[in-house]
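Work through the exercises below with the sequence and the model open. Try each task before reading its solution.

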Amino acid sequence: MKILIIGGEGRLGRPVVEHLDAAGHKVRVVSRHPTSRPSWLPETAEYVAGDATDTTSIVAAAQGCDAVHITVSGAAELDAVVSATAAATANRMAVISYVSGSATFPANERYPVIATKLAAERAIEACGVPSIVLCPSFSMDVLPMHIQHGLAAYFGKQPHPFHWLAASDFGRLVTAAYDSPDSRGERLFIRGPEAISMRETLRRYAEWLDLRLSRPVSLPFWAAKRLARITRDHEMAIAVDVYEMYEGVGGDGGDPERALDLLGPATTTLHDWLTTPASPGWGENRGIAGSDR
């Protein structure tokens, strides 16, 4: 298939691009500023201009594509889905796939991040194009964000375990979903192989980085939000909202059995993720460049 990827340069987008390309699909990655082709992008992948919030540009970028995959978070997420559904219908695509979340249920709609994802899923369903909704647990690839100035910090108390998922596993399983006709029309809850608390995960990560202070520090949500505003750190602000939601809903939801049946398991453990090179950006992705090591 020829697949348009919206958000293909992000944390969960890049491994999807790499795995789809390796499996023989033709991948077209949308970028707002495609002046310099990324070095990691597969040689056979296309790199085209397009703004996820501009429906006209996404419809144009999608010409000739059989499918569209959306992996966008934050303020642009719902606009990106609206653009993608317009492109899917205009180009009579065979499938549209979307990265939602493991807590995306109407009972949790009081959280803005969940309300956005539910609205996105409803827009996809309403467009009439066969869909694959992917609901992954937290990615290990967010862990470098938690290392600041040699300290390991997290938001809230986080008493619930995290089923940590390697982004590389996610890319492989998204590709398996595209290669499985039975995945059409499914909401697939994808979890990593281990359930580990945030505190213990960061302790192991900080120990591996050989930080001077490896004991993780918990930052209250109100303090984290204030810090994000002061520093104008948009990514941190999004992360705080997501972690506050996760703690509030009681951790991961959904049943992963259907995803296991159709796609197989995620296999990368935290130890594997720390010690096994997964891509050219392995060291940078795991925070080595920014650590005191």
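The exercises that follow concern a predicted model.

**Exercise 1. The seven-stranded sheet**

Task: State the strand order of the open sheet of seven strands, and find which strands stand at its edges.

Solution:
- Step 1. Read across the sheet: the order is β3-β2-β1-β4-β5-β6-β10, and the pairing is parallel.
- Step 2. Look at the two ends. β3 (46–49) and β10 (186–190) each have a single partner strand, so one side of each lacks a neighbour in the sheet.
- Step 3. Consider the twist. With direction ignored, neighbouring strands of this sheet are turned by 20 degrees against each other on average.
- Step 4. Take one pair in detail. β1 (residues 2–6) and β4 (residues 67–70) run parallel and are joined by four bridges. Across this pair, I3 stands opposite A67 in β4.
- Step 5. Add the helix. α5 (residues 167–178) lies across β1, β4, β5 (95–99), β6 (131–136) and β10, and runs at about 155 degrees to β6.

**Exercise 2. A residue in β4**

Task: Decide whether V68 is buried or exposed, and list what it is in contact with.

Solution:
- Step 1. Place the residue: V68 lies in strand β4.
- Step 2. Apply the cut-off for buried, under 20% relative accessible area. The relative accessible area of V68 is 0%, so V68 is buried.
- Step 3. Leave aside neighbours within four places in sequence. The contacts of V68 are then I3, L4, I6, A84, A88, M93, V95, I96, S97 and Y178.
- Step 4. Check one of these by distance. V68 and I96 are 28 residues apart along the chain, and their C-alpha atoms are separated by 5.0 Å.

**Exercise 3. The three-stranded sheet**

Task: Give the order of the open sheet of three strands and describe its pairing.

Solution:
- Step 1. The order is β7-β8-β12, with mixed pairing.
- Step 2. β7 (147–148) and β12 (217–219) are the edge strands, each pairing on one side only.
- Step 3. β8 and β12 run parallel and are joined by three bridges; Y154 stands opposite S218 in β12.
- Step 4. α6 packs on this sheet, where it touches β7 and β8, and its direction makes about 160 degrees with that of β8.

**Exercise 4. Helix α8**

Task: Compare the span of α8 with the expected value, then describe its ends and its buried residues.

Solution:
- Step 1. α8 (residues 234–249) has 16 residues and reaches 23 Å from its first C-alpha to its last, close to the expected 22 Å.
- Step 2. At the N-terminal end, D233 acts as a cap, with a side-chain oxygen 3.3 Å from the backbone nitrogen of E235.
- Step 3. After the helix comes G250, which has a positive phi near 90 degrees.
- Step 4. The buried residues of α8 are M236, A239, V240, Y243, M245 and Y246. Their cover includes α4 (112–127), β8 (151–155), β9 (162–164), α6 (198–209) and α7 (221–231).

**Exercise 5. Cysteines**

Task: How many disulfides does the model contain?

Solution:
- Step 1. A pair counts if the sulfur atoms are within 2.5 Å; the count comes to zero.
- Step 2. For C65, the nearest cysteine sulfur is that of C127, 15 Å away.
- Step 3. C65 is buried, with a relative accessible area of 3%.

**Exercise 6. A loop residue**

Task: Where is T268 found, and is T268 buried or exposed?

Solution:
- Step 1. T268 is in the loop between α9 (257–263) and α10 (270–275).
- Step 2. Its relative accessibility is 15%, so T268 counts as buried.
- Step 3. Leaving aside neighbours within four places in sequence, T268 is in contact with M140, A166, S168, D169, P193 and W273.

Key: Residues are numbered from 1 along each chain as its sequence is written. This is a predicted model: local features need pLDDT of at least 70, side-chain atom pairs count only at pLDDT 80 or more; totals for chains, interfaces and linings use all residues. Side-chain values use heavy atoms; hydrogens and water are left out. Helices (H or I, at least four residues) and strands (E, at least two) are DSSP runs, numbered from the N terminus. Buried means under 20% relative accessible area, exposed over 50%, partly exposed in between (1.4 Å probe, protein chains only). Contact means heavy atoms within 4.5 Å. The expected span of a helix is 1.5 Å times one less than its number of residues. A polar contact is a pair of N or O atoms within 3.5 Å; within protein, one must be able to donate a hydrogen and the other to accept it, and residues adjacent in sequence count only if both atoms are side-chain atoms. Two strands pair if DSSP finds at least two bridges between them. Axes are lines fitted to C-alpha atoms, for helices over the stretch in contact, and angles run from 0 to 180 degrees between N-to-C directions.
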